Amino acid sequence: MPDFAVERVERGDQITLVLSGELDLLHAATVARTVESIEPNGSLTLDLFGLEFVDSSGLRLFMNLDR
């Protein structure tokens with residue numbers, strides 16, 4: 001398994017980002033850029049089931065996205 005991957009799944013106006021691997025400082029920035037590129041037309045869900053590790057930058061990302 002690669003150390004990190006983001007898969008974008010779209011169903012109508014529902015977008016799900018499926019995260020897998022290890023979410024650290026480098027990869028949190030990748031997720032943030034991916035979220036910024038999404039048009040705010042519908043809802044966004046993060047599927048975290050495939051994550052094996054999340055550091056404090058990943059937790060900060062989740063808190064900022066929740067705002």
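**Strand pairing and helix packing in the predicted model**

In the predicted model, Glu22 has Phe53 in strand S3 as its bridge partner. The two strands concerned, S2 and S3 (residues 43–54), run parallel and are joined by nine bridges. Between them the chain passes through helix H1 (residues 25–36), and the resulting β-α-β crossover from S2 to S3 is right-handed.

On the N-terminal side, strand S1 (residues 4–11) pairs with S2 in the antiparallel sense over eight bridges. Within this pairing, Ala5 stands opposite Ser20 in S2, and Val6 is placed opposite Leu19. Two residues separate S1 from S2 in the hairpin that they form, and Gly12 in the turn adopts a positive phi of about 65°.

Taken together, the three strands form an open sheet of mixed pairing, with the order S1-S2-S3. S1 and S3 occupy the edges and have a single partner strand each; one side of each is therefore left without a neighbour in the sheet. From one strand to the next, the twist averages 10°.

Two helices lie across strands of this sheet. H1 lies across S1, S2 and S3 and runs at about 170° to S2. Helix H2 (residues 56–66) lies across S2 and S3, running at about 165° to S3. With respect to solvent accessibility, seven of the 10 residues of S2 (residues 14–23) are buried, that is, under 20% relative accessible area; S2 is therefore largely enclosed by the rest of the structure.

Notes. Residues numbered from 1 in each chain as written. Predicted model: local features only at pLDDT ≥ 70, side-chain atom pairs only at ≥ 80, totals over all residues. Heavy atoms only, no water. Buried < 20%, exposed > 50% of the residue type's maximum accessible area, 1.4 Å probe, protein only. Helix = DSSP H or I, 4+ residues; strand = E, 2+ residues; numbered from the N terminus. Pairing = 2+ DSSP bridges. Right-handed = clockwise from strand over helix to strand, strands pointing away. Axes fitted to C-alpha atoms, helices over the stretch in contact; angles between N-to-C directions. Contact = heavy atoms within 4.5 Å.
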